[in-house]
Amino acid sequence: MKIGMSHGAGGEVMGKLISQTIVNNLSKKSVNGGIGLDALDDGATIPLGDSEIVITTDGHTINPLFFPGGDIGRISAAGTINDVSVMGAKPLAITNAMIIKEGFSIENLEKIVKSMDETCKEADVAIVAGDTKVMEQDKIDEMVIVTTGIGIVEGDKAIRDSTLEVGDKIIISGSVGDHGMSLMSFREGFGFETDLKSDVAPVWGMVEKALEVGGVTAMKDPTRGGLANAINEMASKSNVGAILQDAEIPIKQQVKAVSEMLGIDPYEVANEGKIVMGVKPDLAEETLKAISKDKYGKDAAIIGEVISGKHVLIETSVGGQRILESPIADPVPRVC
């Protein structure tokens, strides 16, 4: 068996590769009793005294490097900051390793670095270390960036993606499918015009506001595999089900149009500036109000609730229900 593109596109295929081929062949996977690799969460924790260090790492192979709403620099910084953030930790710093194709434009490299810096400034994050390598022209496609993020959280207050509870309300912090569908439209040069842009952004501001309310039970950022993959993974790990209201899930008209034209389910498409969270029911409205005050959370919505069972269901606008399955892979490759 050989590696295919689906092995890096989120969903079930990538999940099996990571758990069976990578995780199963590693021995020590956690430190000091913290959250380790076995949890397959957005990051790991290392308990140190009264706090925990949260650490995560991410590789970025997006194509094209520049796209409506961002570039590889912004998505590298935001993606790593977000993985730390949804663990409930204040992001502090990232490291940045760049592998660059021989002949790459220095001007474009400077744009990418400046974009990364501007994104980090939004979350008050420092770029503290890095590495730079150059490869021959026929050995690499333009550029690959690998970032590692570090954050800190008090004691046992790290948020897991596996701790949903029956009765929790499910909140999405904004419209779904923006990143994947805008990238697909731009990359493939479809014959229609759209002002759709990627949603790539650091989410710490929204997370911080939600945590202040105190009702968050679980969080995840719905990147590769989109909302469908994120909520299925959260529900499966928590041994619960969920029911979502199709009419309540925010989705831009442009995303609907592109999705229908291409036959792609927008719920399976990557987002790069959103959060899916479970919230205690009595604090859901207050949490929604807090998130909505952030500039990236104005379209946040309560989209469903956690139920007993083993499936994620969607109730349609006409009253029927269907199962929202975890995708085999994100239908739009190389989106991050």
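1. Val23 is found in the loop between helix 1 and strand 1 of this predicted model, and at 5% relative accessibility it counts as buried. Leaving aside neighbours within four places in sequence, the residues in contact with Val23 are Ile18, Lys29, Leu37, Asp38 and Leu40. Ile75 is 52 residues away from Val23 in sequence, and the C-alpha atoms of the two are 26 Å apart in space.

2. The loop that holds Val23 also holds Leu40, between helix 1 and strand 1, and Leu40 is one of the residues that Val23 contacts. Leu40 is partly exposed, with a relative accessible area of 29%, and it has a positive phi of about 50 degrees although it is not a glycine. Asn32 lies in the loop between helix 1 (11-22) and strand 1 (44-48) as well, and its phi, near 55 degrees, is again a positive value in a residue other than glycine. Whereas Val23 is buried, Asn32 counts as exposed because its relative accessibility of 55% is over the cut-off of 50%.

3. A further backbone feature that a reader may wish to inspect is the peptide bond from Asn63 to Pro64, which is cis, with omega near 5 degrees. Pro64 belongs to the loop between strand 2 (51-60) and strand 3 (66-67). As background to this point and the previous one, most residues other than glycine have a negative phi, and most peptide bonds are trans.

4. For the chain as a whole, the model has 8 helices and 14 strands. A compact globule of 336 residues would have a radius of gyration near 20 Å, and the 19 Å found for the protein chain agrees with that. Along the principal axes, the C-alpha trace spans about 55 × 55 × 45 Å. Among contacts with a separation of 6 or more, 83% are between residues 24 or more positions apart.

5. Of the 336 residues, 49% count as buried. The accessible surface of the protein chain comes to about 15,400 Å², and 51% of this area belongs to carbon and sulfur atoms. The chain carries 32 positive and 50 negative side chains, yet the centres of these two sets lie 2 Å apart.

6. Which residues touch the most other members of the largest nonpolar core? They are Ile72, Ile112, Met143, Ile145 and Met181, out of the 32 residues in that core. Two or more residues each come from helix 2 (72-85), strand 5 (90-101), helix 3 (106-122), strand 7 (143-154), helix 4 (178-188) and helix 7 (253-262), and helix 2 gives the most, with 5 residues. Such grouping can be set beside a general tendency: in soluble globular proteins, nonpolar side chains tend to be buried together.

7. Met143 gives a closer view of this core, since leaving aside neighbours within four places in sequence, it is in contact with His60, Leu65, Ile72, Met98, Ile99, Ile100, Phe104, Leu109 and Ile112. Of these contacts, Ile72 and Ile112 are themselves among the core residues that touch the most other members. A second, separate core has 23 residues, including Ala230, Ala242, Leu244 and Ile314.

8. Ser85, which lies in helix 2, is buried, with a relative accessible area of 0%. Its contacts, apart from neighbours within four places in sequence, are Pro91, Val203, Trp204, Val207 and Met219.

9. Ser238 lies in helix 6 (residues 226-238) and is buried, with a relative accessible area of 11%. Not counting residues up to four places away in sequence, Ser238 touches Asp161, Ser162, Thr163 and Leu164. The last of these, Leu164, is 74 residues from Ser238 along the chain, while the C-alpha atoms of the two are separated by 5.6 Å.

10. Is Gly70, in strand 4 (residues 70-71), buried or exposed? Gly70 counts as buried, because its relative accessible area of 15% is under the cut-off of 20%. Gly70 and His179 are 109 residues apart in sequence, and in space the distance between them is 9.7 Å, C-alpha to C-alpha.

How values were computed. Residues numbered from 1 in each chain as written. Predicted model: local features only at pLDDT ≥ 70, side-chain atom pairs only at ≥ 80, totals over all residues. Heavy atoms only, no water. Helix = DSSP H or I, 4+ residues; strand = E, 2+ residues; numbered from the N terminus. Rg over C-alpha atoms; globule rule 2.2 N^0.38 Å. Buried < 20%, exposed > 50% of the residue type's maximum accessible area, 1.4 Å probe, protein only. Contact = heavy atoms within 4.5 Å. Areas by Shrake-Rupley, 256 points an atom, 1.4 Å probe, with all protein chains shown as cover. Lys, Arg positive; Asp, Glu negative; His and termini not counted. Charge placed at Lys NZ, Arg CZ, Asp CG, Glu CD. Core = buried A, V, L, I, M, F, W, Y, C linked by side-chain atoms within 4.5 Å.
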